[in-house]
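Please open the model in a viewer and keep the sequence panel beside it. The tour below proceeds from one selection to the next.

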Amino acid sequence: FAKVDPLTGRPYVCLLKRAIYGLKNSGRAWEIAHWTVLVNKHDWHQCPEEKCLFRKFVKFEGRVVMLCMTTYVDNLFIAFPLGLDILKDREIHLLRHDFELNDLGRVSFSLGARLMWDMHRQTLTIDQTSYLHDVLETYRADIDSLRSKFSKHLTPGNKEEIDSLEPLPLDDPQVTVWQSKCQSLGGSLGWVAEFTRPDIRLTLSMCMKNVAGASKELYIALLGILAYLANTINKKLHYGNGCDRKLRRHIVEHSELAVDIFAKFDLLSFCDSSYGYEKPMMCMIIFLGGSPVAWRMVRMPETPLSSTEAEWFGATLAATTMTFLCPLLEFLNVVVPYPAILFCDNKPCTLLSESDLGPRKFRHVAVRLAYLQEKCLARADNQMWIKLFHLVTDGMIADIGTKIQLTKLFFLFNSFMVYE
């Protein structure tokens with residue numbers, strides 16, 4: 001519904017026949033339309049875990065072919081096997097009976113990100129270079145005024161400077177001056193951190209916790225993150241053949257494994273947590289085919305009483321994400337070998353994952369331990385289960401999301417997520 005022009009003086013509302021951009025429920029209206037038509041009329045199957053993902057099996061030239069589709073508001077992204085242009089034209093023709101479609105070809109830009117395909121090498125890279133140029137242009141004058149400070153920014157932030165940030169009292173007049181600036185810049189950086197640049201997620205989170213009492217120092221710290229992005233603007237996410245070799249070699253070098261036992265599509269997750277202060281950070285990064293497909297770097301809901309408890313929080317975060325991700329991959333016919341591998345640099349945590357919690361002395365922690373341990377002990381052929389492996393701290397990639405690293409370690413860990 002939409003309100004009528006108040007100048008008419010009538011207490012009426014308009015019932016819109018078609019929801020368009022700008023309305024609160026436009027996205028929901030579009031998705032309901034997609035779901036109804038695709039499932040009921042065109043035999044697409046909707047993913048139970050992700051309602052905007054669909055698949056369809058069709059017979060073509062004596063074989064069964066799987067098509068995939070994702071929807072976003074009024075956009076349809078359809079994946080067809082290479083070389084089957086006749087099938088693509090046929091399916092698009094069927095969809096045009098219900099949707100006004102324009103075939104824009106292979107996806108190259110979407111949601112502010114650029115996708116670059118190399119079909120010969122079977123690789124894909126994703127970056128937000130164009131979006132970053134726009135953000136940099138907006139804050140160019142402020143960055144130039146601090147050029148000498150930012151000229152050699154090799155990491156998103158300096159540990160001493162970030163740790164020294166403190167929020168101003170809420171009644172301080174400076175808060176009014178700097179809060180809107182920090183919120184605007186922090187929001188722009190947040191979109192980049194969530195989409196293509198997980199390397200700035202930790203520093204951004206540590207800065208934005210002070211935004212309620214924003215100050216000039218906080219604004220300068222956020223500009224420092226933007227300056228780092230400007231200096232590393234060519235870094236991007238990489239997917240495809242060959243991306244897993246370096247990661248698998250790194251695991252063998254920093255774990256108790258003597259040989260590489262992993263398959264190409266093993267789901268490999270790294271989890272870590274900091275400890276020693278109020279509500280510390282925890283991080284999990286999930287790799288598929290050697291490339292990051294999911295990451296979260298967040299504060300713990302409560303302060304842990306030990307380093308093992310802190311690591312257990314991080315491992316549980318990774319386990320819940322893998323529990324969601326595995327059925328999603330299976331829906332796309334990606335065969336994920338079980339167990340899903342979870343690496344932790346806390347030895348007691350890995351031992352606890354398969355320990356006997358039956359004795360009475362464990363009863364007070366059994367509820368907190370139960371979820372992850374159930375996943376580690378399931379071991380059913382048709383059910384996702386997890387195996388925890390110990391990884392030495394120097395090799396824990398998820399450390400990039402729990403504490404600000406020295407430059408050498410930051411470069412090492414970041415090289416597994418984004419690179420040129």
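Throughout this tour, a residue is buried when its relative accessible area is under 20%, exposed when it is over 50%, and partly exposed in between, with a 1.4 Å probe and protein chains only. The structure is a predicted model, in which local features need pLDDT of at least 70 and side-chain atom pairs count only at pLDDT 80 or more, while totals for chains, interfaces and linings use all residues. Residues are numbered from 1 along each chain as its sequence is written, and side-chain values use heavy atoms, with hydrogens and water left out.

**The whole chain**

Begin with the protein chain in a cartoon view, which shows 14 helices and 15 strands. These elements are DSSP runs numbered from the N terminus: helices are H or I with at least four residues, and strands are E with at least two. Of the 420 residues, 46% count as buried. Contact here means heavy atoms within 4.5 Å. Among contacts with a separation of 6 or more, 63% are made by residues 24 or more positions apart.

**Strand β5 and Val 65**

Select Val 65 in strand β5, residues 63–72. Val 65 counts as buried, because its relative accessibility is 4%. Apart from residues up to four places away in sequence, Val 65 touches Lys 56, Phe 57, Val 58, Phe 60, Pro 81, Leu 84 and Leu 87. For a distance to display, take Val 65 and Leu 84: their C-alpha atoms are 9.9 Å apart in space, and the two residues are 19 apart in sequence.

**Salt bridges around helix α2**

Lys 56, one of the residues touched by Val 65, leads to the next stop. Side chains of opposite charge can pair when their charged atoms come close. A salt bridge is defined here as a side-chain nitrogen of Lys or Arg within 4 Å of a carboxyl oxygen of Asp or Glu. By this rule the count comes to 14 salt bridges.

Show the side chains of Lys 56 and Glu 91, which form a salt bridge with an N to O distance of 3.0 Å. Lys 56 belongs to strand β4 (residues 53–60) and Glu 91 to helix α2 (residues 85–95), so that the pair links distant parts of the chain, 35 residues apart. Are these two partners buried or exposed? Lys 56 is buried at 8% relative accessibility, and Glu 91 is buried at 3%. Add Arg 90 to the selection: Lys 56, Arg 90 and Glu 91 are linked in a network of salt bridges.

Remain on helix α2 and select Lys 88 with Asp 103, whose side chains meet in a salt bridge of 3.7 Å, N to O. Lys 88 lies in helix α2 and Asp 103 in the loop between α2 and β7 (109–110), so this pair ties together parts that are 15 residues apart in sequence. Lys 88 is partly exposed at 24% relative accessibility, and Asp 103 is partly exposed at 41%.

**Helices α7 and α9**

Now display helix α7 (residues 173–195) with helix α9 (residues 216–231), which pack at an angle of about 25° with their axes 10 Å apart. The axes are lines fitted to C-alpha atoms, for helices over the stretch in contact, and angles run from 0 to 180 degrees between N-to-C directions. Helix α7 is therefore roughly parallel to α9, a term used for angles under 35 degrees.

Which residues of α7 meet α9? Among them are Trp 178, Leu 185 and Leu 189 in α7, and the residues they face as a group in α9 include Tyr 219, Leu 222 and Leu 226.

**Helix α10**

Move to His 250 in helix α10, residues 245–253. His 250 is buried, with a relative accessibility of 4%. Leaving aside neighbours within four places in sequence, His 250 is in contact with Gly 395, Ile 397, Leu 412 and Phe 416. Then select Arg 248 and Asp 244, which form a salt bridge with the closest N and O atoms 2.6 Å apart; both residues are buried.

**Backbone details**

Finish with the backbone. The peptide bond from Tyr 338 to Pro 339 is cis, with omega near 10°, and Pro 339 lies in the loop between α11 (307–331) and β14 (340–344). Asn 333, in the loop between α11 and β14, has a positive phi of about 65° although it is not a glycine. Asn 333 is partly exposed at 46% relative accessibility. Gln 122, in the loop between β8 (113–118) and β9 (123–127), has a positive phi of about 60° and is likewise not a glycine. Gln 122 is exposed, with a relative accessible area of 52%.

How values were computed
Parallel < 35°, antiparallel > 145°, perpendicular 65-115°, else oblique.
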